[in-house]
Amino acid sequence: MLFLTPKISLPIPHPPQMSNKGNYVASLSQFTRWLAGVAENKYGVEIYPGFAGTQLLLSDEPDSTNPWGNKFRSVQGVITNEVGLTKNYRMKSSFEPGMAFRAKVTLLAEGAHGSLSKQAIILHNPRKEAEPQTYGIGLKEVWRVDPEKHKPGEVVHMLEWPLDKDTYGGGWVYHMDGGLVSLGLVIGLDYKNPWLSPDCEFQRMKHHPYFRALLTFPKAERLSYAARVLNEGGLQSVPKLNFPGGALVGFSAGFVNIAKIKGTHNAMKSGILAAKAAWNAVHPSEAESSDGTVAAAADMSSSWVQKDLHEVRNLRPSFGTRLWLWGGIIYSGIDSLILKGRVLWTFKHHGPKGKTKNPDSTSSLDSSLTEPAGNHMPIEYPPFEAPWLRITFKTNLVCVMSDILTSLSSIASELDSELTVIAVFHGKSTHLLLRTTN
Ligand SMILES: Cc1cc2nc3c(=O)[nH]c(=O)nc-3n(C[C@H](O)[C@H](O)[C@H](O)COP(=O)(O)OP(=O)(O)OC[C@H]3O[C@@H](n4cnc5c(N)ncnc54)[C@H](O)[C@@H]3O)c2cc1C
């Protein structure tokens with residue numbers, strides 16, 4: 001683990017949960033592609049890549065009662081998106097209407113803030129007794145680096161710079177196979193300064209001498225860019241998992257161990273447990289319960305996922321005290337080295353004064369912690385470096401500072417040729433809305 005100042009990188013001891021001895025560095029997209037092949041070829045699973053579930057299929061009449069005694073409609077499957085529309089939503093010759101998939105059990109594994117999960121949460125309010133969910137954004141690039149600088153299997157985590165003391169987050173560098181390196185920065189979305197741009201912070205991080213040395217042109221080149229939301233609320237923000245007709249699993253349920261920045265293990269385990277519970281729900285003769293409810297919640301509480309999240313539950317909220325970064329580092333150090341979560345208290349997530357609950361079940365307190373622009377100085381980020389500069393002049397520029405549209409163009413081709421990027425200024429913060437014809 002490294003503590004970064006603008007010019008120096010100081011090795012510091014890492015908390016035990018950040019140890020990666022014996023772990024593999026793997027590409028999740030390659031792994032899931034391989035797993036999809038196994039599921040299709042060995043088990044006859046049907047996978048529909050390129051289709052999104054856009055709507056939950058609900059029973060015609062309210063046929064279920066939630067834990068708070070309210071009657072509501074149960075989930076009976078999903079409807080997928082229409083395909084073959086122009087960007088003005090006109091039908092092309094390739095138009096196909098959405099398909100309805102009826103199912104006895106629908107498991108939602110949509111990532112940290114999925115649209116169907118939101119529908120289920122609005123409908124069933126499983127977050128009623130949980131703490132509000134909190135979020136972070138992870139920005140990431142994959143680079144091919146100079147073979148002399150490549151150390152397969154090396155994992156480095158970073159604290160502090162480029163972020164200020166009021167901003168939660170940290171960087172990483174994972175050396176993968178084949179001369180590739182994954183590098184990135186996670187930033188908690190409860191940052192105070194509205195002038196902060198998560199993407200520019202990430203681009204700036206690569207100006208550090210540590211990164212300059214790793215990413216030196218001409219042998220290093222950026223291959224891809226991505227950004228993704230992650231939930232940081234931990235155990236106290238996990239909602240009730242099951243609802244009549246289905247359950248939330250993985251990131252959708254909030255199973256990420258934010259102290260480790262790892263959630264794949266918990267996502268897989270929750271998927272396995274939910275699949276077993278779903279089997280029992282559709283084969284009532286072989287199970288005790290036959291009301292179509294997925295008993296995932298009961299199974300999860302006795303699984304190691306619960307233990308994994310329980311142990312680190314106080315670490316992220318400890319960064320929300322008045323002592324902020326240093327308070328969080330000191331508390332997290334003591335908790336992860338000595339207490340290991342074996343304390344009687346569970347910290348709540350912080351909100352602005354007097355506000356402890358989210359206004360509705362699907363929103364977060366994060367944005368309400370962002371302060372008015374007048375309270376902060378604008379942040380001066382290094383200028384963008386156009387890729388053609390270094391190619392044309394063969395300079396030793398690292399070309400680490402890419403503007404967001406150049407970065408997005410590397411993923412746009414994977415999404416849709418008619419992708420439109422619209423920057424929306426919404427209140428204090430800037431959100432980037434991606435709209436595809438699908
Ligand atoms: C920056 C970052 C770094 C991370 N690093 C690590 C790490 O090093 N190790 C680790 O273990 N974990 C890491 N995690 C966490 C890990 O990625 C997640 O815990 C894990 O991917 C959760 O798996 P999931 O299947 O629940 O969700 P996801 O991996 O998010 O998968 C959900 C999928 O559903 C798709 N989807 C969403 N909505 C719909 C819809 N309506 N219809 C159809 N498809 C839909 C999404 O496109 C996505 O492909 C990291 C997360 C981030 C953001």
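Helices (DSSP runs of H or I, at least four residues) and strands (runs of E, at least two) are numbered from the N terminus. The model is predicted: local features need pLDDT of at least 70 and side-chain atom pairs count only at pLDDT 80 or more, while totals for chains, interfaces and linings use all residues. Residue numbers start from 1 along each chain as its sequence is written.

**View A. The chain, with ten helices and 19 strands.** Of the 438 residues, 32% are buried; a buried residue has 20 or more other C-beta atoms within 10 Å of its own, an exposed one 12 or fewer, and a partly exposed one a count in between, with C-beta atoms placed from the backbone. Contacts are residue pairs whose C-beta atoms, placed from the backbone, lie within 7 Å. Among contacts between residues at least 6 apart in sequence, 65% join residues at least 24 apart.

**View B. The open sheet of seven strands, with mixed pairing.** The strand order is β2-β1-β12-β13-β14-β11-β15, where pairing requires at least two DSSP bridges between two strands. β2 (9–11) and β15 (221–231) are the edge strands, each paired on one side only. On average, neighbouring strands of this sheet are turned by 20° against each other, direction ignored; axes are lines fitted to C-alpha atoms, for helices over the stretch in contact, and angles run from 0 to 180 degrees between N-to-C directions. Strands β13 (residues 169–175) and β14 (residues 180–188) run antiparallel and are joined by seven bridges. Within β14, L185 is the residue that G171 stands opposite.

**View C. Helix α3 on the sheet of seven strands.** This helix, residues 198–205, touches β11 (135–144), β13 and β14. The direction of α3 makes about 135° with that of β14. α3 is mostly covered, since eight of its eight residues are buried. These buried residues are P198, D199, C200, E201, F202, Q203, R204 and M205.

**View D. F101 in strand β9 (residues 100–102).** F101 counts as partly exposed because 16 other C-beta atoms lie within 10 Å. Leaving out residues up to four places away in sequence, F101 touches G77 and V78. G53 is 48 residues from F101 in sequence, and the C-alpha to C-alpha separation of the two is 9.4 Å.

**View E. The open sheet of three strands, with helix α2 across it.** The order is β10-β17-β16, with mixed pairing. The edges are β10 (106–108) and β16 (242–243), each of which pairs on one side only. Two bridges link β16 to β17 (residues 246–248) in the antiparallel sense. N242 stands opposite A247 in β17. Helix α2 (residues 115–124) lies across β10, β16 and β17 and runs at about 110° to β10.

**View F. The shell around the ligand, made up of 23 residues.** A residue is near the molecule if its C-beta atom, placed from the backbone, lies within 6 Å of it. The closest residues are G111, G138, G250, G263 and T264. At least two shell residues come from each of α2, β11, β14, β15 and α5 (264–282). α5 gives the most, with three residues. By class, the shell holds nine nonpolar, ten polar and four charged residues; Ala, Val, Leu, Ile, Met, Phe, Trp, Tyr, Cys and Pro count as nonpolar, Asp, Glu, Lys and Arg as charged, and the others, Gly among them, as polar.

Key
Two residues are in contact if their C-beta atoms, placed from the backbone, lie within 7 Å.
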